[in-house]
Amino acid sequence: SVTEFVLLGFTDLQELLFVIFLLIYITTLVGSLGVIVLIRTSSQLHVPMCFFLRHLSFLHICYSSSITLKLLSGLLAERNVISFNGCITQLFFFAVFGTTEAILLTLMVYDRDVAIREPLRYLAAMSHGVCVQLVVGSYAAGSLNALVRTSALLRLSFCGPNLVNNFYCEIPPLLLLSWSNAQLNEMVMAACVGFIITTSVLAIVVSYACILLTIWSICSVEGRHQAFSTCTSHLMAVALFYGSAAFLYFHPFSRRAEDQGKTASVFYTMVTPMLNPFIYSLRNKEVRSTLRR
């Protein structure tokens with residue numbers, strides 16, 4: 001049985017890629033930690049939207065670290081090796097953080113929906129206790145999804161080869177290495193990922209449809225502009241996250257798809273966590289004014 005996997009990752013321009021990925025990772029840490037500290041220390045930002053944003057920044061740090069640190073060490077090594085248990089652990093936690101982020105993005109649009117449609121009952125509907133319960137539920141759902149997918153993978157036999165055509169452990173390239181029938185695993189992964197993405201996107205679309213109808217009924221141009229500005233940053237984050245995730249998981253299982261998915265994985269695991277703090281900081285008036293002070 002296979003006791004370790006060799007992550008092929010990137011074989012060309014390793015020194016240049018190391019510098020680029022290191023800068024991306026440092027930028028992610030500085031941006032996400034900056035958002036967390038800013039929200040934590042400013043009383044004006046103790047609102048439900050910023051509460052979710054703080055946890056979203058924490059997730060960016062976690063799942064970016066779970067992938068990038070191993071990638072950086074692999075770029076400096078002659079042979080990038082990860083143990084079987086280490087591979088499964090990396091896969092599990094990345095699934096936890098990725099699923100939780102998908103649910104948090106959905107909760108954030110629900111928060112905007114309530115704030116725009118029912119401003120008078122907003123503070124009561126999105127109290128601190130409710131927000132805590134929603135965040136805990138997000139982490140629980142992410143952990144359950146990761147447990148199901150990881151357990152399904154552990155039933156497979158890996159007897160060689162052990163060359164993973166990616167820079168981190170993920171289910172699609174691992175299924176190509178198994179000697180067992182992976183059809184059930186493909187169905188489980190498609191069901192889990194499909195359910196999460198479909199329900200999340202459907203909830204986001206329905207919420208934004210309700211928001212647009214409410215905005216359309218606002219008489220003043222300034223009021224419409226203010227309502228739109230509160231949603232644009234979230235829409236940009238959703239497009240980045242779900243666009244790269246859909247390309248990564250709904251591609252056919254093949255060697256060529258692995259090579260194409262590697263590029264999508266860079267956006268999904270590193271570029272998106274780096275951009276999100278700046279998207280929310282630059283598009284949110286309260287965050288900008290607090291940052292200036």
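## A tour from the whole chain to helix α1

Start with the whole protein chain: from the N terminus on, its elements run β-α-α-β-α-α-α-β-α-α-α-α-α. That gives 10 helices and 3 strands. Helices (H or I, at least four residues) and strands (E, at least two) are DSSP runs, numbered from the N terminus.

This is a predicted model, where local features need pLDDT of at least 70 and side-chain atom pairs count only at pLDDT 80 or more, while totals for chains, interfaces and linings use all residues. Residues are numbered from 1 along each chain as its sequence is written, and side-chain values use heavy atoms, with hydrogens and water left out.

Keep the whole chain selected. Of its 293 residues, 52% are buried. Buried means under 20% relative accessible area, exposed over 50%, partly exposed in between (1.4 Å probe, protein chains only).

Now select residues 14-41. This is helix α1, with 28 residues. How far apart are its end C-alpha atoms? They are 40 Å apart, which agrees with the 40 Å expected at 1.5 Å a residue. The expected span is 1.5 Å times one less than the number of residues.

Stay on α1 and color its buried residues. Among them are Leu-17, Phe-18, Phe-21, Ile-24, Tyr-25 and Thr-28. Why such spacing? An α-helix has 3.6 residues a turn, so residues three or four places apart point the same way.

Next, select Ile-20, also in α1. Is Ile-20 buried or partly exposed? Ile-20 is partly exposed, because its relative accessible area is 36%.
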